[in-house]
Amino acid sequence: MSGQNENIKVMIVDDIDRTRTDIKRLLYFEEGLEVVGEAANGEEAVQQVDELLPDIILMDVNMPVMDGITATEYITRTHPEISIVIISIQGEHEYLKKAMAAGAREYMVKPVSSEEIASTLRQVYSLEKRRQKKPGEEAVTETEGAGQVKQNLITVFSGKGGVGKSVLASNFAVSLAKQEKEVVLVDLDLQFGDISLMLNLSNIKPIDDLVQEPDGINESTLSNYLMRHLSGLHVLSAPLTPQDSERVTEEHLSKIIPLLQERFDHVIIDTPSTFQEMTLCALDHADMILLPMLTDLSTIKNTRTTLHVLEALGHLDKSRVILNMDGPSYGVELEDIETSLGTKIFHRIPREDKNVTVSINKGDPVTMAQQSTELTHSIQRLVEKIINPGEEKKSPAHKSRQKNRAG
Ligand SMILES: Nc1ncnc2c1ncn2[C@@H]1O[C@H](COP(=O)(O)OP(=O)(O)OP(=O)(O)O)[C@@H](O)[C@H]1O
Ligand SMILES: [Mg+2]
């Protein structure tokens, strides 16, 4: 049924007639989205799902007869190919955890705009398609073992904002560049990228101008957009305003990345905190994915979800969790985090509030200006671990998760 047309088939499950009608109306004008059915509670949804076979179910939480979480649990077990997006009202945040644990792919809070619903549905659908495609296609490159893989492209990602992706990406890249490697840092946080600020670059030539070059994207046009930092690092900057980000597509990125890989010893990509098309592309191309995280429960939960998604995409073997802002435990021990994530922490970076804040404000990365700090040493050790992979014979994430499952 799925293959008969290109529309994304959506089922709406909500006990309030009016809400279902509103959502249908919102989606009516959205191209490529088709409402194929509706249900007034979880049980009806479970009964109808076999026949309707939607791609995505928009599921309310609180409903009579069977609630949305129970229905989600059931449907994700019987139909893992169907993605469930939970929509709840304000104040039901405690359900987020349960919904994700039950297998929901996304969580939205009412009221939602038509753009928000439509873009979430498209994103979830495209992610699911990749999930279904990946295992066979990508298994080859990743399981070779870290020792043999050239760590040419490193993507820094986290499903949570503000965990230090950009601080890590910029300091890691500077540290590598200072070792006289040819390194480029790509700011793929297209809407809110702050790499050029963190590196105090001026006269920025952003990526959205590159993709509009009349001569197209090639070695020569690309080189005009690579800004040079004092450390020797090259930088491809994010657009100057969020609205300019729309000009850059996955197709552009798929041209840019191989050109950069060809020219540089190392390509480091900083990303936003969502699994959007561009991020997925950067994750697909990555030889290694660095996942910075913090020790609060919300970030731990988010990192666990991220690892599940990366596993589904076939990227777990190349993922490495980095505990950023390491310091006093505040009640959550390292072992607890590792148990909860089902993976080992690959590296820890200390919390140095003053040094990091000063470095960002001055546009002078810690690894550039503050050589003797523990943070600089920590980043240098991380660089060593990654570019000298003999020390990490097997993927820690992979090994540990298997062990956890076995035992
Ligand atoms: N090791 C650290 N010690 C102290 N503060 C840190 C450290 N790493 C990051 N920070 C602080 O955390 C904040 C967020 O860092 P950063 O901007 O790198 O996160 P991000 O994950 O890139 O955020 P976003 O999702 O908004 O892009 C910064 O203001 C920075 O000062
Ligand atoms: Mg950032």
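User: In this predicted model, which residues of helix 10 are buried?

Analyst: The buried residues of helix 10 are H252, L253, I256, I257 and L260. The general idea concerns periodicity: an α-helix has 3.6 residues a turn, so residues three or four places apart point the same way. In the present case, the buried residues lie on the same side of helix 10, because the arc they cover around the axis is only 125 degrees.

User: Which residues are exposed on the other side of helix 10?

Analyst: E251 and E262 are exposed there. As for its dimensions, helix 10 spans residues 250-263, 14 residues in total. From the first C-alpha to the last it reaches 20 Å, close to the 20 Å expected at 1.5 Å a residue.

User: How should one read a residue of helix 10 that is neither buried nor exposed, and what is the relative accessibility of Q261?

Analyst: An intermediate class exists, bounded by 20% and 50% relative accessible area. Q261, found in helix 10, has 22% relative accessibility and therefore counts as partly exposed.

User: With which residues is Q261 in contact, beyond its neighbours within four places in sequence?

Analyst: Q261 is in contact with N152, L153, V267, H285 and D287. Sequence separation and spatial separation should be read together here: Q261 and N152 are 109 residues apart along the chain, yet 6.8 Å separates their C-alpha atoms. For the chain as a whole, consider contacts between residues at least 6 apart in sequence: 76% of them join residues at least 24 apart.

User: Where is T70 placed, and how is its exposure to be read?

Analyst: T70 is in helix 3, residues 68-78. Its relative accessibility is 34%, so T70 counts as partly exposed. T70 also illustrates a pairing across the sequence: A102 is 32 residues away along the chain, with a C-alpha to C-alpha distance of 7.6 Å.

User: Does the sidedness seen in helix 10 have a counterpart elsewhere; which residues of helix 1 are buried and which are exposed?

Analyst: The same reading applies to helix 1, where T19, R20, I23 and L27 are buried. These residues share one side of helix 1, because they cover an arc of only 100 degrees around its axis. D17, R18, R25 and Y28 are exposed on the other side of helix 1. Helix 1 covers residues 17-28, which is twelve residues, and reaches 16 Å from first C-alpha to last, close to the 16 Å expected at 1.5 Å a residue.

User: How is a nonpolar core to be read, and which members of the largest one touch the most other members?

Analyst: A core is read as a network of buried nonpolar residues joined through their side chains. The largest nonpolar core has 45 residues, and L236, I256 and L260 touch the most other members. Helix 11, residues 277-285, gives the most to this core, with five residues. Two of the names above return from helix 10, where I256 and L260 are among the buried residues.

User: Which residues does L236 touch, not counting residues up to four places away in sequence?

Analyst: L236 touches V184, L185, V186, D187, I207, L210, L222, Y225, L226 and I256. There is also a second, separate core of 32 residues, which includes L168, F172, A177 and L375.

User: How many residues surround ligand 1, and which are the closest?

Analyst: Ligand 1 is surrounded by 19 residues, the closest being G162, G164, K165, S166 and V167. Individual atom pairs then add detail. A polar backbone atom of G162 is 2.9 Å from an oxygen atom of ligand 1. A nitrogen atom of the ligand is 2.9 Å from an N or O atom in the side chain of N324. For E352, a polar backbone atom is 3.0 Å from a nitrogen atom of ligand 1.

User: What is phi of L53 and of N200, and where do these residues lie?

Analyst: Both are read as residues other than glycine with a positive phi. Phi of L53 is near 40 degrees, and L53 lies in the loop between helix 2 (42-52) and strand 3 (56-60). At 30% relative accessibility, L53 counts as partly exposed. Phi of N200 is near 55 degrees, and N200 lies in the loop between helix 7 (195-198) and helix 8 (207-210). N200 counts as exposed because its relative accessibility is 56%.

User: How many helices and strands does the chain have?

Analyst: The chain has 17 helices and 13 strands. Of its 407 residues, 53% are buried.

Notes
Residues numbered from 1 in each chain as written. Chains lettered and ligands numbered in written order. Predicted model: local features only at pLDDT ≥ 70, side-chain atom pairs only at ≥ 80, totals over all residues. Heavy atoms only, no water. Core = buried A, V, L, I, M, F, W, Y, C linked by side-chain atoms within 4.5 Å. Buried < 20%, exposed > 50% of the residue type's maximum accessible area, 1.4 Å probe, protein only. Helix = DSSP H or I, 4+ residues; strand = E, 2+ residues; numbered from the N terminus. Contact = heavy atoms within 4.5 Å. Expected span 1.5 Å × (residues − 1). Arc of directions from axis to C-beta. Near = heavy atom within 4 Å. Polar contact = N/O pair within 3.5 Å; in protein donor to acceptor, adjacent residues only side chain to side chain.
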